[in-house]
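Here is a friendly round of questions about how the terms used for a structure follow from the values behind them. Take a look at the model, and then let us go through it.

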Amino acid sequence: MTKKEFRQRIAQGPLILDGATGSNLLKSGMPRGICSEKWIAEHPKPLIQLQKAYIEAGSHIVYAPTFLANPISLKSHGLAHETKQLNHELVRISKEAAAGKALVAGDISTTGKLLEPMGEMPYDTLFEAYKEQITYLSEAGVDLLVAETMMAPDETMVILDAAAEVCELPVLCSLTIESDGSLFFGGNIYDAAEALEAVGADAVGCNCSVGPEQLEAVIAGIRKRVSIPVIAKPNAGMPKITDTGAAVYHMEPEEFALHMEALYKAGASVLGGCCGTDPEYIRALCGKISAS
């Protein structure tokens, strides 16, 4: 998919993303505390079943599970040497699940390391790491790229820089925020969205962190600041943490969909779910959006 094709597609109506991946795979037997990218490559069936269910529920885009398949993050698991193999294999698995019925996005996220001068990560090192991953995602045949759960706009801009050098794929950028629109490493989503559009993002918004009931004003604020599509991919409400440290989300699909309808009316045109959601949330979302 080219950037022009993405613009033409979004002009036809809202794009529906998938929901959570990790929390659903944990229910399917994926252990905690391991490299999920490696586990999925070795146990593809649960992901294929999940993504098929998302597509059947109405998702137009599913995310290949390449979230932390960059060489910096994989190094912490001793797997940096498998960066190419994992990105190629994980995209292949998602393309098998999609079977031409949905687009497959190459999923990219933060390394968790702050750029200089705020932190110790040099720009060139981060640029090369993202460039390597994006090269492999492009080779594997993803339809577009998604930079998600980003903590700061400067790191997101490095992804945009790297993508521009490698390919012509659309890049969707979503940051994780507080309910008032502030970013965890300083600044706010409104200024960040405007800056990311200026350096080439094809859509911008937020994912994870909070539930949809807290985001209507935020989405409306982003919509006022940018001309590109706005993304809303929130959690199923705010979780309660159990004694074992597990996050439990209590917002039901219909309530989630009702709040997502409000975000759609506030200006979001790329919508999905993050932590705590599953295919039933996407099905309910699609029902609400189609009826709006």
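**Reading the terms against the values**

Q: Which helix gives the largest share of the lining of the largest pocket?
A: Helix H2 does, with six residues. This is a predicted model, and H2 spans 22-27 in it.

Q: What makes a residue part of the lining of the largest pocket?
A: A lining residue has an atom within 4 Å of a pocket point. The largest pocket holds about 1000 Å³ of space, and 43 residues line it. Closest to its centre are Thr21, Gly22, Ser23, Leu26 and Cys275. Besides H2, at least two lining residues each come from helix H3 (36-42) and from strands S2 (61-64), S4 (144-150) and S9 (247-248).

Q: How many residues of that lining are nonpolar, polar and charged?
A: The lining has 21 nonpolar, 14 polar and eight charged residues. Among the residues closest to the centre is Gly22, and Gly counts as polar in this scheme.

Q: Why do S1 and S2 stand at the edges of the sheet?
A: The sheet is open and has eight strands, in the order S1-S10-S7-S6-S5-S4-S3-S2. Strand S1 (15-16) and S2 each have a single partner strand, so one side of each lacks a neighbour in the sheet.

Q: How do you know that S4 and S5 pair?
A: Pairing needs at least two bridges, and S4 shares four with strand S5 (residues 171-175), so the pair passes the cut-off. The pairing is parallel, and Met150 stands opposite Leu175 in S5.

Q: Which helix packs on S5 and S6?
A: Helix H9 touches S5 and strand S6 (203-207), and its direction makes about 165° with that of S5. Elsewhere, helix H6 (residues 83-98) lies across S2 and strand S3 (103-109), running at about 155° to S2.

Q: What describes the packing of H9 and H10?
A: Helix H9 (residues 189-198) and helix H10 (residues 216-225) pack at about 35°, with axes 9 Å apart. Their crossing is right-handed. The contact includes Ile189, Tyr190 and Glu194 of H9 and Val218, Ile222 and Arg225 of H10. By class, the contact residues are six nonpolar, one polar and four charged.

Q: What is the omega value of the cis peptide bond from Glu116 to Pro117?
A: Omega is near 5° for this cis bond. Pro117 lies in the loop between S3 and helix H7 (123-140).

Q: What is noted about the phi of Thr149?
A: Phi is near 55°, a positive value in a residue other than glycine. Thr149 sits in strand S4.

Notes: Residues are numbered from 1 along each chain as its sequence is written. This is a predicted model: local features need pLDDT of at least 70, side-chain atom pairs count only at pLDDT 80 or more; totals for chains, interfaces and linings use all residues. Side-chain values use heavy atoms; hydrogens and water are left out. On a 1 Å grid over the protein atoms alone, a cavity is a set of points where a 1.4 Å probe fits but cannot get out, and a pocket is an open set with protein on both sides within 12 Å along at least five of seven lines; lining residues have an atom within 4 Å of a point. Grid points are joined across faces, edges and corners, and a volume is the space filled by probe spheres set on the points. Axes are lines fitted to C-alpha atoms, for helices over the stretch in contact, and angles run from 0 to 180 degrees between N-to-C directions. A crossing is left-handed if the near helix is turned anticlockwise from the far one by less than a right angle, and right-handed if clockwise. Contact means heavy atoms within 4.5 Å.
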